[in-house]
Amino acid sequence: MARTTPPRPVDIAALFPELAPLARQAVRLHPRPGEPGVHESSVGGPLLWPADEQWPVCTRPHDHWSPPVSLDDVRRSRAVLEAQWLRPREAGENLLDPAQRDLLDRLQAGHPPRAGPNPLLPVAQLYLRDVPGLTGPEGADLLQVLWCPLDHDDALPAAHLVWRDSTGVGALLADPPAPLDVDHYGHYVPEPCALHPEAVTEYPAPLELPKELADRLYAWGEAMQHPEGDRGPGGAYYQYELPVAPGWKVGGWGPWSFCDPWPMECADCGAAYRPLFTVDSGEWDGGSGSWIPLEDRRPPPDPVGHRRPSDPPMVQIGRGYTLQLYVCPTSFDHPHHAAMQ
């Protein structure tokens, strides 16, 4: 099912014309539970990977805040919780029986970190035909994103980008290697999702605007009134509801909020990076309700299980933040940059 972002509550560029030249297109990916194949765009799905191409691995040091677990441990834990959340229960009945609790405890206990390279985990596969405005190197029609599902020195999973020509892939790798270790809570293990790309317009977050304009936007939000009372949405109204779409997406602007923007320049050529791909811990929350797609506004008729409707991939960055990958505008061969925002 397609997903439709409601029109913004206010045409902010009409009220503040200085914003109009800063408009950028972003493509909300709207990942939803599915069983995508290698010839489809997806989050957490299988990759179109040549059998004769080496699978990438991570050799960087890892920060193990808690003992790592295996990919199978995460999958089995989620399956147990999914089944129990979906089953009918009497009022006051525990979610898990003692045997299930014991199984989860064992699956979530973890193991000592494994030595050696850690195979990467598929995160997303984006066919350019499915994502308006997404471009890659000449001849490439597919972007693949993988990462090492552990924390590193920047407290993030280590992302790896692959651009390829899907028409040149011959025999496929049938059984890709799985990571030996993933983070203790499985926060970096995306569940398979089909995508429903939708183009929207974004503007810079307040922290990327001139202070005078940001101050006027804050004052405007403070002055707004709810139709039913005298309590306005507050000065942060622009930040939450108007400039930057939440959720997994391509392009657009950075969602700067808890930290100030800093100059991000390519180490090879000095060019300012541009946003490519955003991984989000949720597509909406209590402060961004106007971004909920129209198709998701009614409560689902059936139990939703362990996966929150606002976070079908079940990925969490930090304490509920985003991971944004930036690329150099002068060359796709230059290193990308990752930032938590």
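In this predicted model, the side chain of Arg3 makes a polar contact with the side chain of Asp296, at 3.0 Å. The side chain of Arg3 also reaches the backbone oxygen of Met1, again at 3.0 Å. Arg3 lies in the segment before helix H1, which spans residues 12–15, and with a relative accessibility of 13% Arg3 counts as buried, because buried means under 20%. If its neighbours within four places in sequence are left aside, Arg3 is in contact with His30, Arg32, His196, Glu198, Pro293, Glu295 and Asp296.

Glu138 offers a case of the opposite kind of setting, since this residue is exposed, with a relative accessible area of 86%, where exposed means over 50%. Glu138 is found in the loop between strand E6 (121–127) and strand E7 (142–148). Its C-alpha atom is separated by 37 Å from that of Ile12, a residue 126 places away along the chain.

The aromatic rings come next. A pair of aromatic rings is described by the distance of the centres and the angle of the planes. A search of the whole structure finds seven aromatic pairs, and two of them are set out in the table.

| Pair | Centre to centre | Angle between planes | Arrangement |
|---|---|---|---|
| Trp147 and Tyr188 | 5.9 Å | 70° | edge-to-face |
| Trp248 and Phe277 | 6.0 Å | 70° | edge-to-face |

The pair of Trp147 and Tyr188 links distant parts of the chain, for Trp147 is in strand E7 whereas Tyr188 is in the loop between strand E8 (158–164) and strand E9 (193–194), 41 residues apart. Both Trp147 and Tyr188 are buried. The pair of Trp248 and Phe277 likewise links distant parts of the chain, with Trp248 in the loop between H5 and strand E11 (249–251) and Phe277 in strand E12, 29 residues apart. Trp248 is buried, with a relative accessible area of 3%, and Phe277 counts as buried at 1% relative accessibility. Elsewhere, ring pairs link Phe16, Trp220 and Tyr237 into a cluster.

Finally, there is the empty space. The largest pocket holds about 650 Å³ of space, and of the 29 residues that line this pocket, the closest to its centre are Gln239, Tyr240, Pro255, Ser257 and Asp285. Helix H5 (237–241) and strand E12 (274–280) each supply at least two residues of this lining. When the lining residues of the largest pocket are sorted by class, 13 are nonpolar, 11 are polar and five are charged.

Note on methods: Residues numbered from 1 in each chain as written. Predicted model: local features only at pLDDT ≥ 70, side-chain atom pairs only at ≥ 80, totals over all residues. Heavy atoms only, no water. 1 Å grid on protein atoms, 1.4 Å probe; cavity = no way out; pocket = protein on both sides within 12 Å on 5 of 7 lines; lining within 4 Å. Points joined across faces, edges and corners; volume = space filled by probe spheres on them. Helix = DSSP H or I, 4+ residues; strand = E, 2+ residues; numbered from the N terminus. Nonpolar A, V, L, I, M, F, W, Y, C, P; charged D, E, K, R; others polar. Buried < 20%, exposed > 50% of the residue type's maximum accessible area, 1.4 Å probe, protein only. Polar contact = N/O pair within 3.5 Å; in protein donor to acceptor, adjacent residues only side chain to side chain. Contact = heavy atoms within 4.5 Å. Phe/Tyr/Trp six-rings, centres within 6.5 Å; stacked < 30°, edge-to-face > 60°.
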